[in-house]
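Reader: I'd like a close look at the largest pocket in this one. Could you walk me through what lines it, and then set the second largest pocket beside it?

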Amino acid sequence: MIKKLLTALPLAVALAFPAVAQEFPDRALRIVHGFGAGGNADAVSRIIAEEMSKGLGQPVVVESRPGAGGTVASGYVSKEDPDGYTMQLMVGGHAVAAALYNSLPYESVDGFTFISTLGQFPFMVAARSGEYESIEALIAAAKAAPGSIKIGHSGVGSTQHLTGELLALRTGAEFLHIPYKGGAAASTALMGGEVDVVIDTGTVIRPQAEAGVYDILAITSGQRWPDAPDVPTVAETVAPDFDVVSWTGIGMPAGVPDDIAERIRAEVHAALAAPTVSEKIVSLGAKVSPSTGEEMTDLIKRQIAVWTDVIETAGIDKR
């Protein structure tokens, strides 16, 4: 009898008291992104993952699920368990997709727990060296011969494409838009004379500009960018109030418990504060920009409204 009681005692204790939750995290975490290995999203993911793993005490693995401008990855993450172990490296294209697609396999705002933005970056308007002396000269040429100047960009519906459409709407110029499979392909087309202008990130544009192949005519941020102070803005030259700045950020599936979301946010902010991380992000042409979850949510909502207006005004067919 005594033996039976001793055997039953652990089970009775276990039933009498709630199980103590294991401390989060107790296993590896993931950062999923929707683009190819070696690209800008992949680079940022790996930079932040390496630093976050130190504070979390667990590995943070980067996983690429490319396709449809990041919507494949968003659809995947939105359906994952909101236990805090799956994060997504999001980009400005998340808002573009919400404006461009008639339907998506996820809710662009309500389907996610937004943690923090990581960095913000503008686009650059570039032409072959000596082709146009200024952004004013480019716009004047586009107005003089509507549709004759070709803008290369990284695909229909990309943020780069819509930035070019917004430039046309705000200046009254008319361009011929030529889509390519990525910024590198558009840059190659500019070098080869297939297009006259490219709008893309500093990661794509600046190496060729520093080599003397391209002239950077303007930058799309509302104010001059800290690491390119000599480049005029579109706003100060040809389109007052023009301000296009894209971003990267961390999101998670909707329903992540508040305490876990706050823990992840604290680790993201700590990682961004590390000098080695901030230096690497700046080297990619971005500005380190941590935020609250509410601020990231508001940013996405504002950009969805802006790009919806651009798509409708420019007459771009929704998908």
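**Around the largest pocket**

Author: Let's start with the helices. Five of them, H2 (40-56), H4 (93-100), H6 (159-171), H7 (183-191) and H8 (202-210), each put at least two residues into the lining of the largest pocket. H4 is the top contributor here, giving four residues. Bear in mind that this is a predicted model.

As for the space itself, the volume of the largest pocket comes to about 910 Å³. Its lining counts 39 residues, and the ones closest to the centre are Phe35, Ser154, Ser158, Gln160 and Gly182. If you sort the lining by chemistry, you get 19 polar residues, 17 nonpolar ones and just three that are charged.

Now for the second largest pocket, which has a volume of about 360 Å³. There, 22 residues make up the lining, and Asp243, Val244, Val245, Leu299 and Gln303 sit nearest the centre. H6 turns up again: along with strand S10 (245-253) and helix H12 (293-314), it supplies at least two residues to this second lining. So H6 has a share in the lining of both pockets. H12 gives the most to the second largest pocket, with five residues. By chemistry, that lining splits into ten nonpolar, six polar and six charged residues.

If you want a place to begin on screen, try H4, with its four residues in the lining of the largest pocket, and then go to H12, with its five in the lining of the second largest.

Notes: Residues are numbered from 1 along each chain as its sequence is written. This is a predicted model: local features need pLDDT of at least 70, side-chain atom pairs count only at pLDDT 80 or more; totals for chains, interfaces and linings use all residues. Side-chain values use heavy atoms; hydrogens and water are left out. On a 1 Å grid over the protein atoms alone, a cavity is a set of points where a 1.4 Å probe fits but cannot get out, and a pocket is an open set with protein on both sides within 12 Å along at least five of seven lines; lining residues have an atom within 4 Å of a point. Grid points are joined across faces, edges and corners, and a volume is the space filled by probe spheres set on the points. Ala, Val, Leu, Ile, Met, Phe, Trp, Tyr, Cys and Pro count as nonpolar, Asp, Glu, Lys and Arg as charged, and the others, Gly among them, as polar.
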